[in-house]
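Visitor: I'd like to learn how to read a structure like this one. Could you walk me through a few features?

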Amino acid sequence: MYDTAKTIVLNLVYLLEKYGFVPNGARSYYTNRSQPPLLSSMVLEIYRATGDVEFVRTVFHSLLKEHSFWMSEIHNVAIADNHGRVHNLSRYQARWNKPRPESATIDEELASKLNSMAAKEKLYCEIASTAESGWDFSSRWMRNSTDMTTLATTYIIPVDLNTFLFKMELDIGALAKVVGDNATSEFFLNASKARHIAIDSILWNSEMEQWLDYWLPGDADCQEVHEWKPNSQNRNIFASNFVPLWLNAYHSEFVRFADEAKSNRVMASLKASGLLHAAGIATSLTNTSQQWDFPNGWAPLQHLIAEGLLHSGSEAKKLAEDIATRWVRTNYAAYKATGAMHEKYDVEACGESGGGGEYKPQTGFGWSNGVVLSFLEEFGWPEGKEIAC
Ligand SMILES: *[C@@H]1O[C@H](CO)[C@@H](O)[C@H](O)[C@H]1NC(C)=O
Ligand SMILES: *[C@@H]1O[C@H](CO)[C@@H](O)[C@H](O)[C@H]1NC(C)=O
Ligand SMILES: *[C@@H]1O[C@H](CO)[C@@H](O)[C@H](O)[C@H]1NC(C)=O
Ligand SMILES: *[C@@H]1O[C@H](CO)[C@@H](O)[C@H](O)[C@H]1NC(C)=O
Ligand SMILES: *[C@@H]1O[C@H](CO)[C@@H](O)[C@H](O)[C@H]1NC(C)=O
Ligand SMILES: *[C@@H]1O[C@H](CO)[C@@H](O)[C@H](O)[C@H]1NC(C)=O
């Protein structure tokens, strides 16, 4: 469905040109809230499948615009490592200080626990920024995992956001070559190199053998350079800590994100993490009744990690197959039982959809459909294995 894929991208590009970023959805009240930046990945996949250079030419400058959005003052944070080298990384930050229009009552009720107007506005900004991350909601963004008023997403340098931006820089570097702009290509390949170094200097934890979100101080001024502190890495285990493995699926001419030895250590750490369950990878280890926490498993996280493992060496490939098999099996069992695909699944119970959160989930479900199709194409129907749970 190349035409459909292209027109979806053209719709997103239209919104990007109009609002300066890809909004959280095509609704007027999302025009102050972005989303995880994966547009460049979509463009590159379309180009790989179709070889359509004209299409790349049409959208190329919009990708540069999205990149500068994520490098802008409110998103870019400079952190000096142990050796005094300054690195740039990015964070989520919605330009919004009101209740979310789609959940105004819930947000006002939550904010009523706070006294000052300034504190309420700050909370509203944190809520919208969390929605921007896609992980709404999760203990990952909270200072106190049982108290939603402690959401602090804008104080966090997220592993996954910077993984996506590294990928964006790599993609723009490749697409610039396609349109014959060698200088821009070199600039973005340099930028991806710098972000690779930044991710490994600021987010990598060599003791835990995984990448960790980095927390800025509570009184953070985003204009200043922060000194890196080991205790500011969030040592809680989230599936996002393993998302950079995904980058192993995308070689550039000068860099492989993690070599096989390092990837194997990350894989061992994933195996020991407590995230792997009978029916997939859990989002976190904590059951908070938030939907981006235990015991929910989400299709994009299974996909990012399994795709990464698949390109990380022969040991890792086996684990990728195992994860994909478990995921296909639980999706199939739930489909047989309910006649529908689901937004999220319970990783402890094969065939069960997930729960928690603030809304009644819709069935359908785009990203679950996409990931199951991708796994089936990549790994085939789990041969010789029981399809039922
Ligand atoms: C970090 O960002 C600042 C501001 O955009 C820029 O001046 C600087 O060159 C960047 N540093 C690196 C190492 O990319
Ligand atoms: C949305 O962003 C615009 C432009 O930055 C700003 O003027 C407006 O106040 C923002 N709206 C809210 C509710 O924060
Ligand atoms: C976390 O929030 C809960 C309220 O949900 C409160 O009872 C508890 O004392 C808080 N914990 C800390 C360490 O502040
Ligand atoms: C751009 O680089 C390619 C090699 O990657 C080269 O073949 C081409 O001539 C260069 N174009 C320009 C305009 O320098
Ligand atoms: C890319 O990095 C190299 C090496 O640091 C530097 O010589 C070159 O000028 C950079 N190119 C661009 C376009 O920034
Ligand atoms: C998670 O917590 C909720 C609320 O306390 C509870 O109903 C549910 O059974 C728990 N799930 C698991 C898997 O522990």
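Guide: Sure. Keep in mind that this is a predicted model. Let's begin with ligand 5: one of its nitrogen atoms is 2.7 Å from an N or O atom in the side chain of Glu-186. Asn-190 joins in too, with a side-chain N or O atom 2.3 Å from an oxygen atom of ligand 5.

Visitor: Which residues are around ligand 5?

Guide: To list neighbours, we take residues with a heavy atom within 4 Å. Here that gives Ala-183, Glu-186, Phe-187 and Asn-190. By class, this shell holds two nonpolar residues, one polar and one charged.

Visitor: How much of the accessible area of ligand 5 does the protein cover?

Guide: On its own, ligand 5 has 360 Å² of accessible area, and the protein covers 36% of that.

Visitor: And what is around ligand 6?

Guide: Read it the same way. Asn-287, Ser-289, Pro-295 and Glu-348 surround ligand 6, and they split into one nonpolar, two polar and one charged. Asn-287 has a polar side-chain atom 2.4 Å from an oxygen atom of ligand 6. As for cover, the protein takes up 35% of the 360 Å² that ligand 6 has accessible on its own.

Visitor: Now the sheet. What is the order of its strands?

Guide: For a sheet, look at the order and then the pairing. This open sheet of three strands runs S2-S1-S7, with mixed pairing. Strands S2 (86–90) and S7 (225–227) are the edges, each pairing on one side only. Neighbouring strands are turned by 35° against each other on average, ignoring direction.

Visitor: In which sense do S1 and S7 pair?

Guide: Parallel: strand S1 (residues 76–80) and S7 pair over three bridges. To find the spot, look for Ala-80, which stands opposite Glu-227 in S7.

Conventions: Residues are numbered from 1 along each chain as its sequence is written. Chains are lettered from A and ligands numbered from 1 in the order in which they are written. This is a predicted model: local features need pLDDT of at least 70, side-chain atom pairs count only at pLDDT 80 or more; totals for chains, interfaces and linings use all residues. Side-chain values use heavy atoms; hydrogens and water are left out. Two strands pair if DSSP finds at least two bridges between them. Helices (H or I, at least four residues) and strands (E, at least two) are DSSP runs, numbered from the N terminus. Axes are lines fitted to C-alpha atoms, for helices over the stretch in contact, and angles run from 0 to 180 degrees between N-to-C directions. A polar contact is a pair of N or O atoms within 3.5 Å; within protein, one must be able to donate a hydrogen and the other to accept it, and residues adjacent in sequence count only if both atoms are side-chain atoms. Accessible areas come from the Shrake-Rupley method with a 1.4 Å probe; for residues, only the protein chains shown count as cover. Ala, Val, Leu, Ile, Met, Phe, Trp, Tyr, Cys and Pro count as nonpolar, Asp, Glu, Lys and Arg as charged, and the others, Gly among them, as polar.
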